[in-house]
Amino acid sequence: QVQVVESGGGLVQPGGSLRLSCKSSGFMFSLYKMSWYRQAPGKQRELVAQITPDYTTKYADSLEGRFTISRDNGEKTVYLQANSLKPEDTAVYYCNAYRVRTAGESDYWGQGTQVTVSS
């Protein structure tokens with residue numbers, strides 16, 4: 001049974017930090033591209049950061065270097081370290097696992113974790 005479970009969200013003041021975690025099971029985690037997306041109220045879901053099986057990373061330009069994605073294949077977990085948080089970072093953050101094979105694609109999503117940046 002595939003599971004993708006986010007945790008670590010919460011309420012934080014502007015300028016603060018959070019570390020989001022995404023624990024996975026039920027699939028070959030090390031072979032998947034892992035990504036964090038976010039969706040703010042009234043807006044489309046957007047890519048925040050991704051990390052490939054060979055640890056290549058990509059970030060949304062708007063983050064200005066404030067976020068860092070990492071993965072631990074032994075723990076089947078991907079992390080998002082979010083620093084210098086701003087009110088505009090308020091959103092539900094979703095974890096995604098994606099892989100393309102000759103047999104087709106596998107695309108798994110978590111339920112999301114709420115991040116609220118407010119004083």
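Guide: A disulfide is taken here to be a pair of cysteine sulfur atoms within 2.5 Å, and since the model in front of you is a predicted one, what follows describes computed geometry.

Visitor: How many disulfides does that rule give, and which residues does the disulfide join?

Guide: The rule gives one disulfide, and this disulfide joins Cys22 to Cys95, with an S to S distance of 2.1 Å. The pair links distant parts of the chain, for Cys22 lies in strand E3 (residues 18-25) and Cys95 in strand E9, 73 residues apart.

Visitor: Is the disulfide left-handed or right-handed, and why?

Guide: The torsion about the S-S bond of Cys22 and Cys95 is about -85 degrees, and the disulfide is therefore left-handed.

Visitor: Are Cys22 and Cys95 buried or exposed?

Guide: A residue is called buried when its relative accessible area is under 20%. Cys22 has a relative accessibility of 0% and so counts as buried, and Cys95, with a relative accessible area of 0%, is buried as well.

Visitor: Which sheet holds strand E3, and in what order do its strands stand?

Guide: Strands of a sheet pair through backbone hydrogen bonds, in either the parallel or the antiparallel sense. Here E3 belongs to an open sheet of four strands, ordered E1-E3-E8-E7, with antiparallel pairing. Strand E1 (3-7) and strand E7 (67-72) stand at the edges, and because each has a single partner strand, one side of each is left without a neighbour in the sheet. On average, neighbouring strands of this sheet are turned by 15 degrees against each other, direction ignored.

Visitor: How many bridges join E3 to E8, and which residue of E8 stands opposite Arg19?

Guide: Strand E3 and strand E8 (residues 77-82) run antiparallel and are joined by six bridges, and the residue of E8 that stands opposite Arg19 is Gln81.

Visitor: Turning to the strand that carries Cys95, how does E9 pair with E10?

Guide: Strand E9 (residues 91-101) pairs with strand E10 (residues 104-109) in the antiparallel sense over six bridges, and a hairpin of two residues joins E9 to E10. Within this pairing, Arg99 has Ser106 in E10 as its bridge partner.

Visitor: Where is Lys43 found, and is Lys43 buried or exposed?

Guide: Lys43 is in the loop between strand E4 (33-39) and strand E5 (46-51). A residue counts as exposed when its relative accessible area is over 50%, and Lys43, at 58%, is therefore exposed. The C-alpha atoms of Lys43 and Ala91 are separated by 9.5 Å, although these residues are 48 residues apart along the chain.

Definitions and conventions. Residues are numbered from 1 along each chain as its sequence is written. This is a predicted model: local features need pLDDT of at least 70, side-chain atom pairs count only at pLDDT 80 or more; totals for chains, interfaces and linings use all residues. Side-chain values use heavy atoms; hydrogens and water are left out. Two strands pair if DSSP finds at least two bridges between them. Buried means under 20% relative accessible area, exposed over 50%, partly exposed in between (1.4 Å probe, protein chains only). Axes are lines fitted to C-alpha atoms, for helices over the stretch in contact, and angles run from 0 to 180 degrees between N-to-C directions.
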